[in-house]
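Colleague: Please choose one part of this model and take me through it slowly, after a short look at the whole. I am new to this, so please explain each term when you first use it.

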Amino acid sequence: MSLSDFLEQPDVRARFNQEFPKPRFNVKQEILASPPQGGNASLVGTAYDYLLRFYIKYLNPHAQDGGWVAGNALHYFQHIERNDLYEQAAMVIERAKQNYQTFLRDGQFTDELLKSSLLLAKLDAVYRIRYIHENLLAINDIDVQDLRNLVGLLNPEIFPATGNIVLNPSWADASLLVSGADGDLMIDDLLVDIKTLKKLSLGRREFNQLMGYYTLSFIAQKFQPNAIELTRLGIYFSRFGILYQFNVTEVLNPATFPEFLIWFTERAQQYSGFRLI
């Protein structure tokens, strides 16, 4: 279970659709890095999430790192007593750490780093959806080239920051309301979701995900005095090299949001069984 699963509940989806009107999306551009045939688009998308966060850390050494979700796969393999996969996973993480540290020094997207990101993505899926690749070390060269094309679009001017940067942000106990939720990137008061999609559009599903993160961040402010107050939400469309963003005030109704927060908290507690103190 996760925030994504929670948002797919019919009554939850309907309430979000009622509470938050989608902002206008008038961005138009041709795709710059089309997914190649024979690749694994889902795996590449998760691998790219890691690479973009690596890149942001390279540009901003002071960025706070929330850690790698992939590391949680080790505990799962221990739990199901798959020592063979545990050893493979441990090797993947150790090599990834080495390649990451090299990248932080020289900023070069080597094939070794791209491959490490794909293997981390496999471990990510183990933790998030319990999907196990029997050969965790297998690499598809088509996916490596897809990532090479994607990182070629990165532009440091797209991600300016004046202060706080958080990689893989989560929202303490508030996230436990939906059995876990972690965002991709927080830059000052902007939360960015990374999407490696071949269509440039703001779907209701993607928009509700952003509003779910915002709601959790708002609840978390009661428990984290230093929590960053989000005022902007956005999506980085990696295949287009575009960062789209909007102000929260465009979609939030201050007259109805307090009641929505009460409903959200109660419904989420029912969903996860976790209760806020």
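Modeller: The protein exposes about 13,600 Å², and carbon and sulfur atoms supply 47% of that area; accessible areas come from the Shrake-Rupley method with a 1.4 Å probe, and for residues only the protein chains shown count as cover. This is a predicted model, in which local features need pLDDT of at least 70 and side-chain atom pairs count only at pLDDT 80 or more, while totals for chains, interfaces and linings use all residues. Residues are numbered from 1 along each chain as its sequence is written, and side-chain values use heavy atoms, with hydrogens and water left out.

Of the 277 residues, 49% count as buried, where buried means under 20% relative accessible area, exposed means over 50%, and partly exposed lies in between (1.4 Å probe, protein chains only). The C-alpha trace spans about 50 × 45 × 35 Å along its principal axes. The protein has 10 helices and six strands; helices (H or I, at least four residues) and strands (E, at least two) are DSSP runs, numbered from the N terminus.

The part I choose is helix H2, which covers residues 10-19 and in which Val12, Arg15, Phe16 and Glu19 are buried. These four lie on the same side of H2, because they cover an arc of only 100 degrees around the axis, the arc being that of the directions from the helix axis to the C-beta atoms. An α-helix has 3.6 residues a turn, so residues three or four places apart point the same way. On the face of H2 turned away from the buried side we find the exposed residues Pro10 and Gln18.

What do the buried residues of H2 pack against? They pack against helix H1 (3-7), helix H9 (204-220) and helix H10 (257-272), where contact means heavy atoms within 4.5 Å. Over the whole protein, residues 24 or more positions apart account for 77% of the contacts with a separation of 6 or more.

Two loop residues are also worth finding. Asn168, in the loop between strand E2 (165-167) and helix H8 (172-176), has a phi near 55 degrees, a positive value in a residue other than glycine, and at 6% relative accessibility Asn168 counts as buried. Asp188, in the loop between strand E3 (185-187) and strand E4 (190-195), is not a glycine either, yet has a positive phi of about 55 degrees, and at 16% relative accessibility Asp188 counts as buried. Most residues other than glycine have a negative phi.
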